[in-house]
Amino acid sequence: MSYLKFDKEQLINLEYSLYREILRSNRAGSYISTTLNGCNTRKYHGLLVCPISNFGGEKHVLLSSLDVSIIQGEEEFMLGIHQYKGGTYEPKGHIYIRNIEYDYLPKITYRIGNALLTMERLLVEKKEQVLIRYTLEETTENTILRFKPFLAFRNMHSLSKANLFVNSKYRTVSNGISTRLYDGYPELFMQFSKKNEFVPVPDWYYNIEYMKELHRGYDYLEDLFVPGYFEISLEPGESVIFAAGTEISAPVSLKQRFTREQKKRISRYTFLSSLKHAGEQFILKNKNETSIVAGFPWYDSITRQTFISLPGLALATDKNLLFTEVLSTYKKYLKKGLFPDNIHSRQPVYNSADASLWFIWAVQQFAKTQRSPRGVWLNYSNTVKEILEAYRKSLPEFIQTNKEGLIYAEKESTALTWMDSYANGKPVVQRAGFAVEINALWYNAIVFALEMAQISNDLKFIKKWEAMPKKIAQAFLNTFWQQGHEHLADVVKDGIPDWAVRPNMVIAAAMDHSPLSKEQKKLILSETKRRLLTSRGLRTLSPDHLRYKGVVEGGPDQREAAIHMGAAWPWLMQFFVKAYLEIHGKGGLPFIRQILETFEETVTEHCVGTLSEMYNGDPPHKAKGAVSQAWNVAGIVHALNEMHNCK
């Protein structure tokens, strides 16, 4: 029996099926995304969204959707669904869906009279190609399938409009056609595993409405081009493969390719296996480099999130090699102790005061997985030392290390930590000054490096750095801890502490090496549990704060103003769980298990099988933002692992 499944009553209910999305991606950076019933509700939805080299590797929607009809005798049953301007749906193919079951692949079943048709979709692992298998499971009548492709050929952030410049021509290829709507794009090859007839009827379909964009305050109407339609006759029990990609295929190989790709997929039979499947989706390989996509559909790689995600994704994929691939990719981009915010950017920006320290944390987590960590240290010690020296000497222009050894970070009108949302062009939470988690990461990094130097007998490094931890530890407590407060200050500037209750103190409490005492950690966790903990992660601000915003809603600036002022983030749970179990041991397991089990509900709430970018701080904690986020999936996998390993 499938772990994830949806029945007829759920699927024909538009209020249910339109608000639940599906996502598949591949190592080449392409993805498929739509809703459960196949109606696109975002400009980011499509059956083939892939990077285009001629446009700087940015993702473009080539194939928006593929409408399928079953023709028996004189009757045509249309299985597609589109929303047009004003909320009109045409056709209404969702009424024929009987169920969807997720195993290795999601399988959608349609019932039309005496005909039963199933559909399964996947992306080829390392190519810009989608494969869709249609199987006529049963019927008593002669049956023809008609396929109508809706083409966009546009950047995923924009919308297509009817125009006179579109190239409506096509050329015939084996069992299909190829077309290229505009210059600069590759050809799109649409082929079948079986001979078919293509009927050219070029036409525009106007004012397709994307309700998610409407609600988000963006342009929401699109015109899509349909070059014509394909027709294929099928016998009962027969399958046909449809392929759409930027390279031509041999039709005879399509069925074997589908089967081969299907075998690479992970079966989703539990919550954890579902998260592991989601974890695989974020890994991106480009030539000899491996990076992590921060989230789908609109994010690229974000360096800070890559390092935070890495340990959990290595667990999710059961591939320790992922540590080596990612860390070795990124260390080449280090400059004056900093990493660019996105290594794929054509104009790199260095606006992260903490990403380099998260790199060291990721190396530390990698070392913990090894029987002998010496090899890990030898591979990355030069990079770690370069980062530490750069911070100590205040080489990055916005970082200053004071005489007590603490790190001060400030850059005008710029957010330098993970709380980096902007509204009306200004940081919502700038956090300029001594930020608590940055200094906790700094202390942890130095102690870890000294431990590794001891193993490697690096006496020169030890002599230079051995006095730092004690000095930093005392300064940390003097700066962030104060009697009368049962939690850490979030940031301190000009001697003035900000006592807003935020989750950054939990990161400090969870470091392997921390200046905090057991009693201090216990108080911090108690405050976190009382004021920040939700069933969807830790709030970014306690509800009793005057600036707390419990719901992420409204236009872009309104949403940005809320996401770090109260929204809950699942990735922070790995730090809460680690610190909590270190304090409470096995006695804390029932509580942690209860909290983590609540996340199981999320995999059927927004995007099937994964975790969204954030959740409202107020109950019922509705999912918001990107439909699938790497550090959230990784963080919960990491938290589950901490729970299972608790002794």
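The following points set out structural features of this predicted model.

1. The principal sheet. Nine strands make up an open sheet, arranged in the order β1-β9-β10-β11-β12-β19-β16-β15-β14, and their pairing is antiparallel. The edges are occupied by β1 (4–7) and β14 (171–173); each has a single partner strand, so one side of each is left without a neighbour in the sheet. From one strand to the next, the twist averages 15 degrees.

2. Strand β12 and its partner β11. Strand β12 (residues 129–138) is mostly covered, with eight of its ten residues buried. Strand β11 (residues 115–123) runs antiparallel to β12 and is joined to it by eight bridges. The connection between β11 and β12 is a hairpin through five residues. Within this pairing, Glu-120 has Arg-133 of β12 as its bridge partner.

3. Strand β12 and its partner β19. Seven bridges pair β12 with strand β19 (residues 239–245), again in the antiparallel sense. Here Leu-131 stands opposite Ala-243 of β19.

4. Strands β15 and β16, and the helix on the sheet. Strand β15 (residues 176–179) pairs with strand β16 (residues 188–192) over four bridges in the antiparallel sense. Gly-176 has Gln-191 of β16 as its bridge partner. Helix α4 (residues 254–262) packs on the sheet, where it touches β11, β12, β16 and β19. The direction of α4 makes about 100 degrees with that of β12.

5. Nonpolar cores. The largest nonpolar core has 211 residues, and those with the most contacts inside it are Tyr-134, Leu-388, Trp-442, Leu-488, Met-573 and Phe-576. Helix α10 (residues 436–456) contributes the largest share of this core, 14 residues. There is also a second, separate core of eight residues, which includes Leu-122, Leu-131, Ala-243 and Phe-258. Two of these names recur from point 3, where Leu-131 and Ala-243 stand opposite each other.

6. The surroundings of Leu-488. With neighbours within four places in sequence left aside, Leu-488 is in contact with Val-436, Phe-476, Phe-480, Trp-481, Trp-499, Met-505, Ala-508, Leu-516 and Ile-524.

7. Proline in helix α12. Pro-469 lies in helix α12 (residues 468–480). Its relative accessibility is 12%, so Pro-469 counts as buried, the cut-off being under 20%. Leaving aside neighbours within four places in sequence, Pro-469 is in contact with Tyr-443, Ile-446, Val-447 and Leu-450. The C-alpha atom of Pro-469 is separated by 8.6 Å from that of Pro-515, although the two residues are 46 apart along the chain.

8. Helix α18. The 15 residues of helix α18 (residues 630–644) should span 21 Å at 1.5 Å a residue, and the end C-alpha atoms are 21 Å apart, which agrees. This helix is mostly covered, since twelve of its 15 residues are buried. Among the buried residues are Trp-631, Asn-632, His-638 and Met-643, together with Gly-635, Ile-636 and Leu-640.

9. Cysteines. The count of disulfides comes to zero. Cys-39 is in no disulfide, and the nearest cysteine sulfur, that of Cys-607, is 16 Å away; a disulfide would require the sulfur atoms to be within 2.5 Å. Cys-39 has 0% relative accessibility and therefore counts as buried. Cys-646, at 15% relative accessibility, also counts as buried.

Terms used: Residues numbered from 1 in each chain as written. Predicted model: local features only at pLDDT ≥ 70, side-chain atom pairs only at ≥ 80, totals over all residues. Heavy atoms only, no water. Helix = DSSP H or I, 4+ residues; strand = E, 2+ residues; numbered from the N terminus. Expected span 1.5 Å × (residues − 1). Buried < 20%, exposed > 50% of the residue type's maximum accessible area, 1.4 Å probe, protein only. Core = buried A, V, L, I, M, F, W, Y, C linked by side-chain atoms within 4.5 Å. Contact = heavy atoms within 4.5 Å. Pairing = 2+ DSSP bridges. Axes fitted to C-alpha atoms, helices over the stretch in contact; angles between N-to-C directions.
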